Amino acid sequence: PQPIQLKDYTPPAFLIDKVDLTFDLDEDHSRVSSRLVLHRNPDHPDARAPLTLDGKELTLESVKLDGEILDGSRYQTDAESLTIAAMPDNAILEIVTVIHPETNTSLNGLYRSGGNFYTQCEAEGFRKITYYLDRPDVMARFTTTIVADKNKWPVLLSNGNRVGEGTLDRNRHWVKWVDPFKKPAYLFALVGGKLSRLADRYTTSSGREVALEIWVEPADLDKCDHAMASLKKSMLWDEQRFGLEYDLDTYMIVAVGDFNMGAMENKGLNIFNTKYVLARSDTATDVDFDGIEAVIAHEYFHNWTGNRVTCRDWFQLSLKEGLTVFRDQEFSADMGSAPVQRIEAVRTLRTHQFAEDAGPMAHPIRPESYIEINNFYTVTVYEKGAEVVRMYQTLLGRDGFRRGMDLYFKRHDGQAVTCDDFRAAMADANDYDLNQFARWYSQAGTPTLSVRGQYDAAAASYTLTVSQTCPATPGQGEKLPMHIPLALGLLGPDGADLPLQLAGEQEALAGTRVLSVQEASQSFTFINVPVAPVPSLLRNFSAPVKLDFPYSRAQLALQMAHDSDAFCRWEAGQTMMLQDLQTLIEAARAGGELGLKDDFVSAMRQVLADDALDPALVALMLTLPAETYLADQQSEIDPDAIRAAREAMKLGLARALRSEFKAVYSRLQDQGAYRFDAQSVARRSLKNVALSYLAELDEPAMLELAEQQFARADNMTDSQAALTGLVNWAEGDAALAGFAAKWAEEALVMDKWFTLQAISRRLGTVAKVKALMQHPAFALTNPNKVRALVGAFLHSNLAGFHAADGSGYEFAADTILAVDKLNPQMAARLAGCFNRWKKLEPGRRAGMRSALERVAAHAGLSRDVYEIVSKNLQ
Ligand code: B3K
Ligand code: ZN
């Protein structure tokens, strides 16, 4: 397969004004009739260019041009397209194709799930429905008529407004939908089936009445309230923060159990993974509730950032995704605790995106080439993309950012545009030079910011020297300096913020300020600094970089206890924790003692005793970094040493702070029934972190705590936390069995049951995972199940996956190949488990290499998996 290049972009030869679709849905095939009104694009360089429509896995029945049936000599087809060479400048093209949703296991295009019909068209799924110009810069007005059996598929939905319905012979009925907004094909959606609806209403700030509908399988109707509440909050927030209102009379969300990702922002008809809609306190955890709120918001926000203004081509994906993730992060910060949200976002970025940036798939947030676009829905495009958007706001201020957004919509509403258009709107609205900032879009890799401080007591000045470097990434050896906002404060000996005054400034300002770092190396001098300060750097994580500053242990402890910036406070703890984990990893490799340092233990004790701190922040400060993140800090990865070190730290803290953890655990026992609000969530999170430490102690009394919590819990957060503590011990078996019996009918709860075992240090072995794949609740065709069991094992169980005998690698290769036959997108996600292979110790490295080579050599590999394994082997 040949890569597609950004530099090869050309405008489409034709544009489509209007498309009328008729779907005739049935059990063993479906027929799609399409009528396109097209005209030649004056912006295309060749005024006589042929019309080439995209199409895949379609059975063509007929082609009509301006009313005349074309015989086979007038057009050509191949596996991916239909071409008509002699095309008038204006034309009406009618095409009939037959497709097979009932055998479509890729979950891309039109497919079946639980008897119902659903679509997924982003990025290039529409071409599996009918021949079309399946590219985001072709925007058309869609009309959709759906015909189907009345009893089997009573509910028929598509984008826009329902304008008609009726009955036909043979017990069939039809429904017609018109979407008044022009849109690219990737935003098309259709749903047909037996579904129940939760209905509500919303009145926009300008008085538009919007009908809100959440459609689910009838048995799930009692799990939609949180999603509906989240939708209403999102609608209000976007009006208040960005002045953006909803624009149709109906907003529909449909939940489906077979879905490749989280959710999809189709115009007026979002289709969601059930995981991001369904929640009841006994089936969903606090993390699930948060996730639903965030994903509902994300898809809703896409209506403006993505749908009203869309991408010119798929290289611009971060234009809509980075921006929309930033918007959902800001929303979540306003709904709950802003510092907690920020720290969690940073943790995700560091654990997953920094790893991507350091591996064979490293790419800038605007990639320059791809083989399969679905492989580029990445943490880089999404989460690093959101960090880049956040940096505009950090540099321009909230009001400046809003001015930029307003100008962006004023200029580009209804258009398909590029990341440069967004940057230009930000620059022009604020008269701010963002030329150097463009490098964030073109350079891959995580920059390191090295900062050194020099205090001059005689001059009462403090000079920070800031230098930046960025490691080479595949295909990008040379890197130029980036434009980096560095937010900082200076702490006095008591940990309080000192006033900040740069040389040349008239006044000192209290608190945080943002330095604009643009050179490879540059200095900033603060004056009137009365004492040698401790710099509080990269406040609120003001840029997606690695920070290098030689903090002493005492300075870290001071920041942990006093920094006014919650992120820096957490970060200081993480830095100390990482230093000590590194020492433990080295000791484990050398077969030495695995003891904890006293200053670390007392700093942690102080955190635990600090009643003034938000319990959620305390919980985060006590949470150890993931094994995979520790792996990424090593020059050569030894999975067993990493696991041993991490467990030694957990057990060491549990022993040293046993009574503190017990006290916290008892203090935070819930009074009364479950509530989902920031305060209750925070209390539960700290209580359950305390339990997770106590459950490390090999003491019957501690396991009893977990058993009691498991038996009494009235909510899934507490139930899952207790079970997590138990599964590492033999005592967990009974609990696991009870859990499976109780929740056999709840697919999303069974996913948790699979994951717990996949990542358990006791159960998470290759043999156990293989056995679980035979469980009746498991299905290789269902992405949630594959992610819950196989994905969790390959991606989150470092020592299990990297079993020294190589069995994990053989299992990964076999499973990737099996899934690839069914669902290439899903298989490619699993194949990412090899991305670290070059950094493993030599024995495992050889095992990974041969598994990778076996996958690469397999005949009939999808483009998706081919791209991942070939880039790994380069
Ligand atoms: N835009 C979709 C993702 C589509 C993924 C295609 N493989 C969901 C989202 O980001 O909101
Ligand atoms: Zn998105």
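Which residues does UniProt list for "domain: Aminopeptidase N-like N-terminal"? In this predicted model, the span that an unreviewed UniProt entry gives for that domain is residues 25-187. The C-alpha atoms at the two ends of residues 25-187 lie 20 Å apart, and the span is 48% strand and 0% helix.

Leu25 sits in the loop between β2 (14-24) and β3 (30-40). Leu25 counts as buried because 24 other C-beta atoms lie within 10 Å, where the cut-off for a buried residue is 20 or more. If neighbours within four places in sequence are left aside, the residues in contact with Leu25 include Ser30, Phe117, Ile146 and Trp153. Leu25 and Ala734, by contrast, are separated by 709 residues in sequence and by 47 Å in space, taken from C-alpha to C-alpha.

A second region to examine is strand β26, which covers residues 461-469. Its covered face carries Tyr462, Leu464, Val466 and Gln468, while Ser461, Thr463, Thr465, Ser467 and Thr469 make up the uncovered face. The strands that pair with β26 are set out below.

| Partner of β26 | Residues of partner | Sense | Bridges |
|---|---|---|---|
| β25 | residues 448-456 | antiparallel | nine bridges |
| β29 | residues 521-526 | antiparallel | six bridges |

Individual residues can be followed across these pairings. Thr465, on the uncovered face of β26, is the bridge partner of Arg452, whereas Val466, on the covered face, stands opposite Gln522 in β29. The hairpin of β25 and β26 has four residues between its strands, and in this hairpin Ala460 takes a positive phi near 50°.

Notes. Residues are numbered from 1 along each chain as its sequence is written. Chains are lettered from A and ligands numbered from 1 in the order in which they are written. This is a predicted model: local features need pLDDT of at least 70, side-chain atom pairs count only at pLDDT 80 or more; totals for chains, interfaces and linings use all residues. UniProt positions are given in the numbering used here, feature names are shortened, and annotations may be inferred rather than shown by experiment. A residue is buried if 20 or more other C-beta atoms lie within 10 Å of its own, exposed if 12 or fewer, and partly exposed in between; C-beta atoms are placed from the backbone. Two strands pair if DSSP finds at least two bridges between them. Two residues are in contact if their C-beta atoms, placed from the backbone, lie within 7 Å.
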